[in-house]
Amino acid sequence: MSIADNIKKHREILGEKVELVAVSKTKPVEALEEAYAAGQRIFGENKIQEMVSKWEQLPKDIEWHMIGHVQTNKIKYMAPMVAMVHGVDREKVLKELNKQAAKCDRVIDCLLQVHIAQEETKFGFDPAEVDELVGRLQAYPNVRVRGFMGMATNTDEETVVEQEFASLNELFRKFKAEKDWDVLSMGMSGDYQIAIKQGSTHVRIGSAIFGARNYPI
Ligand SMILES: *Cc1c(COP(=O)(O)O)cnc(C)c1O
């Protein structure tokens with residue numbers, strides 16, 4: 001199937017309530033243009049320089065989402081253009097985002113990445129740290145936290161994935177009620193159907209749309 005067909009197929013599966021973040025990391029601008037022509041307007045990248053370079057080359061009504069681990073020394077390059085930062089996994093990132101957003105006279109939307117997987121290598125805050133952290137967010141007025149991002153364990157055991165997504169949804173519900181949060185970013189090509197059932201509002205789908213990446217990232 002073509003990229004355009006894949007976009008349409010996923011849009012149909014997701015319905016109107018779930019946003020599709022088309023993860024275009026490592027893919028050439030031509031592939032993004034094909035998705036754009038099929039109506040896609042939200043793209044996810046995991047390297048700041050690659051995202052900024054694609055932003056320069058593509059139409060300006062695209063929303064660029066930074067989904068990867070953020071290097072704080074590069075935040076200044078994306079501060080003028082990024083629509084949402086999904087991978088805020090340490091307070092240093094919030095601090096630098098706040099500083100650079102202020103310089104651009106804007107407020108940057110972001111999500112706190114919470115560690116829900118069994119794997120130790122995954123980035124993110126511990127669920128137990130989140131309460132205190134949220135209490136400190138007023139120190140960062142140029143950052144607007146809208147919810148959480150989480151990645152499940154990479155396993156075929158669906159019940160494990162389901163439980164991990166359900167646990168993040170439970171945490172999200174609490175802040176949704178208290179803080180009016182509205183974004184829960186969960187689910188990739190291999191597990192987005194489970195994520196939707198567990199309340200995901202934004203799925204980040206790469207290989208199922210653009211095909212396998214030439215090198216693993
Ligand atoms: C690469 C990546 C994705 C997309 O992965 P696919 O399996 O290709 O859909 C989603 N989220 C993050 C954080 C990623 O780095």
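Which polar backbone atom lies 2.8 Å from an oxygen atom of the ligand? The atom belongs to glycine 206. Keep that contact in mind as we walk through this structure, which is a predicted model.

Start with the ligand. Its surroundings are made up of Val23, Lys25, Ile67, Met151, Met188, Ser189, Arg204, Ile205, Gly206, Ser207 and Arg213. Several of these residues make polar approaches. Arginine 213 places a polar side-chain atom 2.8 Å from a ligand oxygen. Arginine 204 meets a nitrogen atom of the ligand instead, with a side-chain N or O atom at 2.9 Å. Glycine 206 uses its backbone, as we saw.

Now follow arginine 204 away from the ligand. Its side chain also makes a polar contact of 2.9 Å with the side chain of serine 185. Serine 185 sits in strand S7. Is serine 185 buried or exposed? Its relative accessible area is 0%, so serine 185 is buried. The side chain of serine 185 has another polar partner, the side chain of histidine 86, at 2.9 Å. Beyond its close neighbours in sequence, up to four places away, serine 185 touches His86, Leu111, Phe148, Met149, Gly150, His202 and Arg204.

Phe148 leads us to the nonpolar core. The largest such core holds 62 residues. Those with the most contacts inside it are Met78, Val85, Leu94, Leu97, Leu112 and Phe148. Which helix gives the most to this core? That is helix H7, residues 158–179, which supplies six residues. Look at leucine 97 for a close-up. Setting aside neighbours within four places in sequence, leucine 97 is in contact with Ile75, Met78, Val85, Val88, Ile108, Cys110 and Val143.

Next come the charged pairs. How many salt bridges does the structure hold? There are ten. We will visit three of them.

The first on our route joins lysine 54 and glutamate 50, with the closest N and O atoms 2.8 Å apart. Both residues lie in helix H3, residues 48–57. They are four residues apart there, so about one helical turn separates them. Lysine 54 is buried, because its relative accessibility is 5% and the limit for buried is under 20%. Glutamate 50 has a relative accessible area of 22%, so it counts as partly exposed.

The next pair is lysine 174 and aspartate 131, whose closest N and O atoms are 3.0 Å apart. This bridge links distant parts of the chain. Lysine 174 is in helix H7, while aspartate 131 is in helix H6, residues 130–135, and 43 residues separate the two. Lysine 174 is partly exposed at 32% relative accessibility. Aspartate 131 is partly exposed too, with a relative accessible area of 45%.

The last pair on our route is arginine 146 and aspartate 182, which meet at 3.0 Å, N to O. Again, distant parts of the chain are linked. Arginine 146 lies in strand S6, residues 143–151, and aspartate 182 lies in the loop between H7 and strand S7, 36 residues apart. Arginine 146 counts as buried at 18%, whereas aspartate 182 is partly exposed at 38%. This bridge belongs to a network: salt bridges with shared partners join Asp109, Arg144, Arg146 and Asp182.

Stay with arginine 146 a moment. Its side chain makes a polar contact of 2.9 Å with the side chain of aspartate 109. Leaving out neighbours within four places in sequence, arginine 146 is in contact with Met84, Asp109, Cys110, Leu111, Phe172, Trp181, Asp182 and Val183.

Finally, turn to helix H2, residues 29–37. Which of its residues are buried? They are Val29, Ala31, Leu32, Ala35 and Tyr36. These residues cover an arc of only 155° around the axis, so they lie on the same side of H2. Glu30 and Ala37 are exposed on the other side of H2. The buried residues of H2 pack against helix H1, strand S2, H3, strand S3 and helix H9. After H2 comes glycine 39, with a positive phi near 105°.

Note on methods
Residues numbered from 1 in each chain as written. Predicted model: local features only at pLDDT ≥ 70, side-chain atom pairs only at ≥ 80, totals over all residues. Heavy atoms only, no water. Core = buried A, V, L, I, M, F, W, Y, C linked by side-chain atoms within 4.5 Å. Buried < 20%, exposed > 50% of the residue type's maximum accessible area, 1.4 Å probe, protein only. Contact = heavy atoms within 4.5 Å. Salt bridge = Lys/Arg side-chain N within 4 Å of Asp/Glu carboxyl O. Arc of directions from axis to C-beta. Near = heavy atom within 4 Å. Polar contact = N/O pair within 3.5 Å; in protein donor to acceptor, adjacent residues only side chain to side chain.
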